[in-house]
Amino acid sequence: MASHIAAVGLRKSYWKGPNEVPVLRGVDLEAERGEMVAVVGASGSGKSTLLHILGLLDAPDAGTVLVDSQRIDNRPERHRDSMRNHLFGFIFQFYHLLPELTALENVMMPSLIRHGAWSYWKERRRIRHEAAELMQRVGLGHRLDHCPTELSGGEMQRTAIARALAGRPSILLADEPTGNLDAASGQGVLDLLRDLNRERELTMMLVTHDPHIAQQADRVVRLAEGRIEEWVPALL
Ligand code: ADP
Ligand code: MG
(Lines give C-alpha, C1' and ligand atoms only; values in the text may rest on other atoms or scores of the structure.)
(Ligands and ions follow the chains in the order given, each with its own letter.)
Protein backbone atom coordinates (compact mmCIF):
# COMPACT_ATOMS: atom_id res chain seq x y z
CA MET A 1 0.00 0.00 0.00
CA ALA A 2 2.68 2.49 -1.02
CA SER A 3 2.02 6.16 -1.60
CA HIS A 4 3.60 8.78 -3.79
CA ILE A 5 4.74 11.86 -1.86
CA ALA A 6 5.76 15.22 -3.26
CA ALA A 7 6.90 18.54 -1.87
CA VAL A 8 6.34 21.53 -4.13
CA GLY A 9 7.98 24.90 -3.57
CA LEU A 10 8.49 24.47 0.18
CA ARG A 11 9.76 27.53 1.97
CA LYS A 12 10.57 27.83 5.65
CA SER A 13 12.42 30.45 7.67
CA TYR A 14 13.21 30.78 11.33
CA TRP A 15 13.53 34.15 13.01
CA LYS A 16 16.41 35.15 15.24
CA GLY A 17 15.05 38.36 16.71
CA PRO A 18 14.40 40.63 13.73
CA ASN A 19 16.54 38.52 11.38
CA GLU A 20 15.01 36.02 9.02
CA VAL A 21 17.04 32.83 8.71
CA PRO A 22 15.86 31.08 5.54
CA VAL A 23 16.20 27.30 5.76
CA LEU A 24 14.15 26.02 2.81
CA ARG A 25 14.03 28.35 -0.19
CA GLY A 26 11.79 26.48 -2.60
CA VAL A 27 12.22 22.75 -2.18
CA ASP A 28 10.79 20.41 -4.80
CA LEU A 29 11.15 16.73 -4.01
CA GLU A 30 9.23 13.55 -4.61
CA ALA A 31 9.34 9.84 -3.95
CA GLU A 32 7.49 7.39 -6.17
CA ARG A 33 5.38 4.65 -4.63
CA GLY A 34 7.75 2.17 -3.05
CA GLU A 35 10.81 4.24 -3.84
CA MET A 36 13.59 4.83 -1.30
CA VAL A 37 14.99 8.34 -1.66
CA ALA A 38 17.99 9.49 0.39
CA VAL A 39 18.48 13.17 1.23
CA VAL A 40 22.04 14.19 2.07
CA GLY A 41 23.30 17.60 3.13
CA ALA A 42 25.56 19.31 5.62
CA SER A 43 24.55 19.68 9.23
CA GLY A 44 22.16 22.64 9.53
CA SER A 45 21.13 22.48 5.85
CA GLY A 46 17.50 21.87 6.78
CA LYS A 47 17.14 18.11 6.36
CA SER A 48 15.18 17.61 9.59
CA THR A 49 13.05 20.68 8.87
CA LEU A 50 12.17 19.22 5.47
CA LEU A 51 11.30 15.80 6.90
CA HIS A 52 9.13 17.34 9.63
CA ILE A 53 7.19 19.35 7.04
CA LEU A 54 6.70 16.28 4.83
CA GLY A 55 5.34 14.34 7.81
CA LEU A 56 3.09 17.19 9.03
CA LEU A 57 5.08 17.65 12.23
CA ASP A 58 5.77 21.23 11.13
CA ALA A 59 4.13 23.66 8.70
CA PRO A 60 5.85 25.39 5.77
CA ASP A 61 5.65 29.17 5.25
CA ALA A 62 4.79 28.47 1.61
CA GLY A 63 4.50 25.49 -0.68
CA THR A 64 2.52 22.27 -0.53
CA VAL A 65 2.84 18.62 0.40
CA LEU A 66 0.96 16.14 -1.77
CA VAL A 67 0.30 12.46 -1.19
CA ASP A 68 -1.03 10.55 -4.18
CA SER A 69 -1.67 13.93 -5.83
CA GLN A 70 -3.86 15.19 -2.98
CA ARG A 71 -2.73 18.19 -0.96
CA ILE A 72 -2.37 17.17 2.70
CA ASP A 73 -0.69 20.11 4.46
CA ASN A 74 -3.86 22.19 4.57
CA ARG A 75 -6.23 19.57 6.00
CA PRO A 76 -8.00 20.16 9.32
CA GLU A 77 -6.02 19.31 12.44
CA ARG A 78 -7.99 16.11 13.15
CA HIS A 79 -7.24 14.76 9.74
CA ARG A 80 -3.58 15.73 10.05
CA ASP A 81 -3.38 13.84 13.37
CA SER A 82 -4.80 10.77 11.73
CA MET A 83 -2.33 11.02 8.85
CA ARG A 84 0.58 11.38 11.30
CA ASN A 85 -0.61 8.13 12.89
CA HIS A 86 -1.57 6.03 9.88
CA LEU A 87 -0.03 7.40 6.71
CA PHE A 88 3.44 8.15 8.10
CA GLY A 89 5.91 6.23 10.19
CA PHE A 90 8.77 8.17 11.79
CA ILE A 91 12.23 7.02 12.79
CA PHE A 92 14.67 9.33 14.58
CA GLN A 93 18.39 9.35 15.24
CA PHE A 94 17.95 8.98 19.01
CA TYR A 95 15.12 6.40 18.85
CA HIS A 96 12.81 8.28 21.25
CA LEU A 97 11.86 5.14 23.16
CA LEU A 98 10.19 5.49 26.56
CA PRO A 99 12.75 4.19 29.09
CA GLU A 100 10.23 3.00 31.68
CA LEU A 101 8.46 0.69 29.23
CA THR A 102 9.65 -2.63 27.82
CA ALA A 103 10.55 -2.87 24.13
CA LEU A 104 7.23 -4.60 23.41
CA GLU A 105 5.26 -1.92 25.30
CA ASN A 106 7.08 0.77 23.32
CA VAL A 107 5.88 -0.87 20.11
CA MET A 108 2.33 -1.13 21.50
CA MET A 109 2.25 2.48 22.70
CA PRO A 110 1.04 4.20 19.48
CA SER A 111 -1.86 1.73 19.20
CA LEU A 112 -2.70 2.28 22.85
CA ILE A 113 -2.87 6.04 22.28
CA ARG A 114 -4.86 5.64 19.06
CA HIS A 115 -7.50 3.42 20.61
CA GLY A 116 -8.09 5.19 23.91
CA ALA A 117 -8.51 3.29 27.16
CA TRP A 118 -11.73 1.38 26.53
CA SER A 119 -11.12 0.01 23.08
CA TYR A 120 -7.51 -0.65 24.02
CA TRP A 121 -8.76 -2.90 26.79
CA LYS A 122 -10.95 -4.76 24.29
CA GLU A 123 -8.21 -5.02 21.68
CA ARG A 124 -5.15 -5.43 23.84
CA ARG A 125 -4.59 -9.07 22.92
CA ARG A 126 -4.57 -8.29 19.20
CA ILE A 127 -2.37 -5.20 19.71
CA ARG A 128 0.09 -7.19 21.81
CA HIS A 129 0.14 -9.99 19.24
CA GLU A 130 0.79 -7.59 16.36
CA ALA A 131 3.53 -5.79 18.30
CA ALA A 132 5.21 -9.12 19.10
CA GLU A 133 5.07 -10.08 15.41
CA LEU A 134 6.70 -6.79 14.45
CA MET A 135 9.42 -7.33 17.05
CA GLN A 136 9.96 -10.77 15.53
CA ARG A 137 10.16 -9.21 12.06
CA VAL A 138 12.91 -6.77 13.11
CA GLY A 139 14.87 -9.64 14.66
CA LEU A 140 14.06 -8.94 18.31
CA GLY A 141 11.63 -11.72 19.19
CA HIS A 142 13.95 -12.57 22.10
CA ARG A 143 14.00 -9.02 23.52
CA LEU A 144 10.28 -8.31 24.12
CA ASP A 145 10.56 -7.77 27.87
CA HIS A 146 13.86 -5.89 27.86
CA CYS A 147 13.93 -2.21 28.73
CA PRO A 148 15.60 0.18 26.28
CA THR A 149 18.60 0.57 28.62
CA GLU A 150 19.22 -3.18 28.25
CA LEU A 151 19.33 -2.94 24.45
CA SER A 152 22.20 -2.00 22.12
CA GLY A 153 21.86 1.06 19.87
CA GLY A 154 21.03 -1.13 16.88
CA GLU A 155 18.40 -3.00 18.90
CA MET A 156 16.86 0.29 20.09
CA GLN A 157 16.59 1.49 16.50
CA ARG A 158 15.05 -1.84 15.44
CA THR A 159 12.50 -1.42 18.23
CA ALA A 160 11.77 2.10 16.97
CA ILE A 161 11.29 0.69 13.46
CA ALA A 162 8.83 -1.91 14.78
CA ARG A 163 6.97 0.91 16.55
CA ALA A 164 6.87 2.97 13.34
CA LEU A 165 5.36 0.00 11.49
CA ALA A 166 2.61 -0.55 14.07
CA GLY A 167 0.43 2.14 12.49
CA ARG A 168 0.76 0.36 9.10
CA PRO A 169 2.20 3.42 7.39
CA SER A 170 2.65 3.66 3.64
CA ILE A 171 5.42 6.28 3.92
CA LEU A 172 8.37 5.96 6.27
CA LEU A 173 10.34 9.11 7.15
CA ALA A 174 13.73 8.38 8.71
CA ASP A 175 15.92 11.16 10.12
CA GLU A 176 19.55 9.96 10.41
CA PRO A 177 18.42 6.47 11.49
CA THR A 178 22.01 5.20 11.53
CA GLY A 179 23.53 8.44 12.83
CA ASN A 180 24.20 7.14 16.32
CA LEU A 181 25.28 3.61 15.37
CA ASP A 182 28.62 1.99 14.56
CA ALA A 183 29.11 1.01 10.92
CA ALA A 184 28.03 -2.63 11.35
CA SER A 185 24.82 -1.92 13.31
CA GLY A 186 24.08 0.99 10.97
CA GLN A 187 24.34 -1.30 7.98
CA GLY A 188 22.10 -3.83 9.74
CA VAL A 189 19.44 -1.17 10.26
CA LEU A 190 19.75 -0.05 6.64
CA ASP A 191 19.42 -3.66 5.42
CA LEU A 192 16.26 -4.01 7.51
CA LEU A 193 14.80 -0.77 6.10
CA ARG A 194 15.67 -1.88 2.57
CA ASP A 195 13.98 -5.29 3.12
CA LEU A 196 10.86 -3.63 4.55
CA ASN A 197 10.84 -1.16 1.66
CA ARG A 198 10.74 -4.06 -0.80
CA GLU A 199 8.49 -6.50 1.01
CA ARG A 200 5.85 -3.92 2.09
CA GLU A 201 6.39 -1.54 -0.82
CA LEU A 202 6.95 1.21 1.71
CA THR A 203 7.85 4.60 0.28
CA MET A 204 10.88 5.89 2.17
CA MET A 205 12.48 9.26 2.63
CA LEU A 206 15.81 8.76 4.37
CA VAL A 207 17.93 11.62 5.68
CA THR A 208 21.58 10.81 6.24
CA HIS A 209 24.97 12.39 5.92
CA ASP A 210 26.68 9.04 5.46
CA PRO A 211 27.43 8.53 1.73
CA HIS A 212 27.74 4.74 2.18
CA ILE A 213 24.21 4.64 3.53
CA ALA A 214 22.84 7.14 0.99
CA GLN A 215 24.14 5.32 -2.08
CA GLN A 216 22.09 2.23 -1.17
CA ALA A 217 18.85 4.14 -1.79
CA ASP A 218 17.13 4.09 -5.19
CA ARG A 219 17.95 7.75 -5.65
CA VAL A 220 20.00 10.35 -3.78
CA VAL A 221 19.44 14.10 -3.71
CA ARG A 222 21.32 16.80 -1.85
CA LEU A 223 19.87 19.67 0.14
CA ALA A 224 22.09 22.75 -0.07
CA GLU A 225 21.36 26.44 0.37
CA GLY A 226 17.70 25.69 0.82
CA ARG A 227 17.20 23.83 -2.43
CA ILE A 228 17.39 20.28 -3.78
CA GLU A 229 20.18 19.58 -6.18
CA GLU A 230 21.63 16.56 -7.86
CA TRP A 231 23.93 14.51 -5.67
CA VAL A 232 27.56 14.39 -6.65
CA PRO A 233 29.28 11.97 -4.27
CA ALA A 234 32.62 13.80 -4.46
CA LEU A 235 31.02 16.85 -2.87
CA LEU A 236 30.41 15.06 0.40
P1 ADP B 1 19.74 19.50 9.60
O2 ADP B 1 18.75 18.47 10.02
O3 ADP B 1 20.10 19.41 8.15
O4 ADP B 1 20.97 19.47 10.45
P5 ADP B 1 17.79 21.39 10.61
O6 ADP B 1 16.59 21.23 9.75
O7 ADP B 1 17.75 20.76 11.94
O8 ADP B 1 19.09 20.94 9.78
O9 ADP B 1 18.07 22.95 10.83
C10 ADP B 1 18.26 23.85 9.76
C11 ADP B 1 18.51 25.24 10.31
O12 ADP B 1 17.35 25.73 10.94
C13 ADP B 1 19.64 25.30 11.33
O14 ADP B 1 20.34 26.50 11.13
C15 ADP B 1 18.90 25.33 12.65
O16 ADP B 1 19.63 26.02 13.61
C17 ADP B 1 17.63 26.08 12.29
N18 ADP B 1 16.47 25.64 13.11
C19 ADP B 1 15.93 24.41 13.12
N20 ADP B 1 14.86 24.36 13.94
C21 ADP B 1 14.74 25.60 14.47
C22 ADP B 1 13.82 26.19 15.38
N23 ADP B 1 12.81 25.50 15.92
N24 ADP B 1 13.99 27.51 15.68
C25 ADP B 1 14.99 28.23 15.14
N26 ADP B 1 15.88 27.73 14.27
C27 ADP B 1 15.77 26.43 13.93
MG1 MG C 1 18.78 17.01 11.42
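**A tour from ligand 1 to the nonpolar core**

In this predicted model, begin by selecting ligand 1 together with Ser48, where an oxygen atom of the ligand sits 2.9 Å from an N or O atom in the Ser48 side chain. Add Thr49 to the selection, and you will find an oxygen atom of ligand 1 at 2.6 Å from an N or O atom of that side chain. Then turn to Tyr14, whose side chain has an N or O atom 3.5 Å from a nitrogen atom of ligand 1. Taken on its own, ligand 1 has 570 Å² of accessible area, of which the protein covers 58%.

Next, show the whole shell around the ligand, which consists of Tyr14, Val23, Ala42, Ser43, Gly44, Ser45, Gly46, Lys47, Ser48 and Thr49. Colouring these residues by class gives 3 nonpolar, 6 polar and 1 charged. If you display helix α1 (residues 47-54), you have the element that contributes the largest share of this shell, namely 3 residues.

Now leave the ligand and select Ile161 and Leu193, which touch the most other members of the largest nonpolar core, a set of 41 residues. To follow this core through the fold, highlight the elements that each supply at least two of its residues, among them β3 (36-40), α4 (153-165), α5 (183-199) and β8 (203-207). Helix α3 (103-137) also belongs to that list, and α3 gives the most to the core, with 9 residues.

Finally, colour domain 1 (5-87 + 169-235) and domain 2 (93-152) separately: both give residues to this core, so the core lies between them.

Methods
Residues numbered from 1 in each chain as written. Chains lettered and ligands numbered in written order. Predicted model: local features only at pLDDT ≥ 70, side-chain atom pairs only at ≥ 80, totals over all residues. Heavy atoms only, no water. Near = heavy atom within 4 Å. Polar contact = N/O pair within 3.5 Å; in protein donor to acceptor, adjacent residues only side chain to side chain. Areas by Shrake-Rupley, 256 points an atom, 1.4 Å probe, with all protein chains shown as cover. Helix = DSSP H or I, 4+ residues; strand = E, 2+ residues; numbered from the N terminus. Nonpolar A, V, L, I, M, F, W, Y, C, P; charged D, E, K, R; others polar. Core = buried A, V, L, I, M, F, W, Y, C linked by side-chain atoms within 4.5 Å. Buried < 20%, exposed > 50% of the residue type's maximum accessible area, 1.4 Å probe, protein only. Domains from an automatic or database assignment.
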